[in-house]
Amino acid sequence: MKKRNATVAVVGAGDFIGGEIAKKFASEGFTVFVGRRQGEKLAPLIKEIEAADGKVFGRALDARKEDEMVSFLGDADKHAPLEVCVFNIGANVNFPIVETTERVFRKVWEMACYSGFLAGREAARLMLPRGKGNIFFTGATASMRGGPGFAAFASAKFGLRAVAQAMARELGPKNIHVAHLIIDSGVDTAWVRARREQLWGKEALDNPDLLMPPASVAASYWQLYQQPRSAWTFELEIRPFGEKW
């Protein structure tokens with residue numbers, strides 16, 4: 001494994017997509033900084049990366065707090081130049097509109113949109129002086145349309161997409177690749193499987209081709225990173241071949 005003098009920061013390094021992104025970049029020789037609200041839950045991921053001879057640093061991170069975001073990305077950049085920042089916080093909830101409380105709506109926006117702004121802004125501040133870098137945002141079907149019960153989640157994801165688009169137009173000419181990856185399907189996680197079974201019964205889990213493996217999402221991020229600047233993608237939609245759309 002080629003060791004690189006560069007870091008990758010994963011904001012929202014959960015057990016599935018975020019963890020797989022961290023493992024992929026670590027396997028390619030990057031030092032990975034991973035953050036999530038409950039930092040103790042990073043232990044298995046850190047152990048797995050280190051067992052594969054990767055280098056990783058993990059910490060508890062409330063991405064809604066500006067000082068914590070500044071410190072997290074700043075520490076990554078001090079270790080080695082921050083080359084990639086991946087914002088991967090979801091906050092997927094579903095409530096009928098009359099049951100969507102003010103607290104739920106505001107919290108989802110803070111998690112999925114506002115904290116994405118903080119991550120993108122701070123990553124840009126670190127990358128601009130060097131004139132290069134990559135800032136990637138995880139989107140969802142809700143980034144493009146608001147479905148029943150998804151007023152809070154879709155509004156936050158619409159907002160995150162707008163932040164990413166504005167950043168891409170501003171920072172692309174300065175050699176910073178900003179991309180927004182739309183995951184247009186359910187991802188194969190324990191939460192998604194439980195929800196599908198609850199809504200449609202166990203038969204909803206019979207077709208494995210309708211759920212996207214987290215490692216496939218990580219592979220798409222790696223492909224975005226490898227793109228030459230003469231052919232950068234801003235928005236990439238991915239879905240399993242069995243998904244109807």
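Two strands count as paired if DSSP finds at least two bridges between them. With that in hand, let's look around this predicted model, starting with one such bridge: Val86 has Phe136 in strand 5 as its bridge partner.

**The sheet**

Seven strands make up an open sheet here, lined up in the order 3-2-1-4-5-6-9, and the pairing is parallel. At the edges sit strand 3 (55–60) and strand 9 (235–238), each of which pairs on one side only. Going from one strand to the next, the twist averages 15°. What holds neighbouring strands together? Strands of a sheet pair through backbone hydrogen bonds, either parallel or antiparallel.

**Strand 4 and its neighbours**

Now zoom in on strand 4, which covers residues 82–87. Is this strand largely enclosed or not? Of its 6 residues, 5 are buried, so the rest of the structure largely encloses it. Buried here means a relative accessible area under 20%.

On one side, strand 4 is joined to strand 1 (residues 7–11) by 5 bridges, and the two run parallel. One of the pairings to look for is Ala9 with Cys85 in strand 4. Strand 4 also runs parallel to strand 5 (residues 133–140), with 4 bridges between them. Cys85 turns up again here, since its bridge partner in strand 5 is Ile135. To get from strand 4 to strand 5, the chain passes through helix 4 (residues 102–127), and this β-α-β crossover is right-handed.

**Helices on the sheet**

Helix 3 (residues 66–79) lies across strand 1, strand 2 (31–36), strand 3 and strand 4, and it runs at about 160° to strand 1. Helix 5 packs on the sheet too, where it touches strand 4, strand 5, strand 6 and strand 9, and its direction makes about 155° with that of strand 5.

How far should helix 5 (residues 151–171) span? It has 21 residues, and at 1.5 Å a residue they should span 30 Å; the end C-alpha atoms are 30 Å apart, so the model agrees with that expectation. The buried residues of helix 5 include Ala152, Phe153, Lys157, Leu160 and Met167. What do they pack against? The buried residues of this helix meet strand 4, helix 4, strand 5 and strand 6 (176–183).

**Two buried residues with polar contacts**

Thr138 is part of strand 5. Its relative accessibility is 6%, so Thr138 counts as buried. Leaving out residues up to four places away in sequence, Thr138 touches Phe87, Asn88, Lys157, Leu160, Leu181, Ile183 and Tyr221. Lys157 and Leu160 are among the buried residues of helix 5.

Asp77 belongs to helix 3. Is Asp77 buried or exposed? With a relative accessible area of 17%, Asp77 is buried. With the sequence neighbours up to four places away left out, Asp77 touches Thr7, Leu82, Leu126 and Arg130.

Here are the side-chain polar contacts of these two residues:

| Side chain | Partner side chain | Distance |
|---|---|---|
| Thr138 | Asn88 | 2.9 Å |
| Thr138 | Tyr221 | 2.5 Å |
| Asp77 | Arg130 | 2.8 Å |

Try finding these pairs in the structure. For Thr138, begin in strand 5; for Asp77, begin in helix 3.

Notes: Residues are numbered from 1 along each chain as its sequence is written. This is a predicted model: local features need pLDDT of at least 70, side-chain atom pairs count only at pLDDT 80 or more; totals for chains, interfaces and linings use all residues. Side-chain values use heavy atoms; hydrogens and water are left out. Buried means under 20% relative accessible area, exposed over 50%, partly exposed in between (1.4 Å probe, protein chains only). A crossover is right-handed if, with the strands pointing away from the viewer, the path from the first strand over the helix to the second runs clockwise. The expected span of a helix is 1.5 Å times one less than its number of residues. Contact means heavy atoms within 4.5 Å. A polar contact is a pair of N or O atoms within 3.5 Å; within protein, one must be able to donate a hydrogen and the other to accept it, and residues adjacent in sequence count only if both atoms are side-chain atoms. Axes are lines fitted to C-alpha atoms, for helices over the stretch in contact, and angles run from 0 to 180 degrees between N-to-C directions.
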